[in-house]
Amino acid sequence: LEAEGLRLRPWRASDVPRIVEACSDPRTQEWLGRMPDPYDEQAAIDWLQHAEEERASGSGVQWAVVEPAEDVALASVGYFHYRPEVELEIGYWAHPDARGRGVMTRAMRRVVRYAFEDVGVRRVMAGAAVDNAASRHVIEANGLRAWGTERGGTTVRSGPADCVFYDVLVEEWRAARP
């Protein structure tokens, strides 16, 4: 998938070092508290295998986000909890090299479009820890609206944390497009 100067492509074994770098980063580790610590090459290989199993079962898809000229993984974006013709949830993480450059916002925008136009769901969801301002910004910049906060709804490195849940319906998404 092409996305405003980015490409979303399948993950490859050659991406393992970038996955390890991103998932070893303290900020990533803080907000994705169920991630192995330390995060090593085997953890990355296991994650790639899980992503392949998700794709094969039809329950989700994970893409590497790259700039086409360099083809170096900057982030991960994908969907899971897919219910055909109903809904899916988008999740993501960014390599430190990608932060502050709008990479995640552009990549998520492309996956939201893909979810509605190609996958055919009626609702796209996402969630983020209440205190994860950067992740919440990405979600809100893509037109998803907060509909509730679940106390202890996610796990960060220090333990359970409140999670804000967001969604957008296909009709709302279409009406908001320029």
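Here are legends for five close-up views of this predicted model.

**View 1. Eight strands side by side in an open sheet.**
Let's start with the sheet. Its strands line up in the order β1-β2-β3-β4-β5-β6-β8-β7, and the pairing is mixed. Which strands stand at the edges? Those are β1 (2-3) and β7 (145-156), and each has a single partner strand, so one side of each has no neighbour in the sheet. If pairing is new to you, strands of a sheet pair through backbone hydrogen bonds, either parallel or antiparallel. Try spotting one pair: β2 (residues 6-9) and β3 (residues 61-66) run antiparallel and are joined by three bridges. Look for R9, which sits opposite A64 in β3.

**View 2. Strand β8 between β6 and β7.**
Zoom in on β8 (159-169), and check the partner on each side. With β6, the pairing is antiparallel and covers seven bridges. Here M125 has D167 of β8 as its bridge partner. With β7, the strands again run antiparallel, this time joined by eight bridges. T154 finds its bridge partner in β8 too, at A161. How many residues does the hairpin from β7 to β8 pass through? The hairpin uses two residues to join them. Is β8 enclosed or open to the outside? Eight of its 11 residues are buried, so β8 is largely enclosed by the rest of the structure.

**View 3. Helices α3 and α5 against the sheet.**
Now bring in the helices. Helix α3 (residues 41-57) lies across three strands, namely β3, β4 (73-83) and β5 (87-94). Compare its direction with β3 and you get about 125°. Helix α5 packs on the sheet as well, where it touches β5, β6 (123-129) and β8. The direction of α5 makes about 160° with that of β6.

**View 4. Helix α4 packing with helix α5.**
Two packed helices are described by the angle between their axes and the distance between the axes. For α4 (residues 103-119) and α5 (residues 133-141), the angle is about 40° and the axes are 9 Å apart. The two helices are therefore oblique to each other. The crossing of α4 past α5 is right-handed. Which residues make the contact? On the α4 side they are M104, T105, M108 and R109, and on the α5 side H137, V138, I139 and A141. Sort the residues of this contact by type, and you find five nonpolar, two polar and one charged.

**View 5. Two loop residues, L144 and P38.**
Last stop: a pair of loops. L144 lies in the loop between α5 and β7. Is L144 buried or exposed? Its relative accessible area is 3%, so L144 is buried. Setting aside neighbours within four places in sequence, L144 is in contact with M108, V112, V124, M125, A126, I139, Y166, D167 and V168. D131 is 13 residues from L144 in sequence, and the two C-alpha atoms are 17 Å apart in space. Next find P38, in the loop between α2 (26-31) and α3. P38 counts as exposed because its relative accessibility is 65%. P38 and C23 are 15 residues apart in sequence, with their C-alpha atoms 9.0 Å apart in space.

Conventions. Residues numbered from 1 in each chain as written. Predicted model: local features only at pLDDT ≥ 70, side-chain atom pairs only at ≥ 80, totals over all residues. Heavy atoms only, no water. Axes fitted to C-alpha atoms, helices over the stretch in contact; angles between N-to-C directions. Helix = DSSP H or I, 4+ residues; strand = E, 2+ residues; numbered from the N terminus. Parallel < 35°, antiparallel > 145°, perpendicular 65-115°, else oblique. Left-handed = near helix turned anticlockwise from the far one by under 90°. Contact = heavy atoms within 4.5 Å. Nonpolar A, V, L, I, M, F, W, Y, C, P; charged D, E, K, R; others polar. Pairing = 2+ DSSP bridges. Buried < 20%, exposed > 50% of the residue type's maximum accessible area, 1.4 Å probe, protein only.
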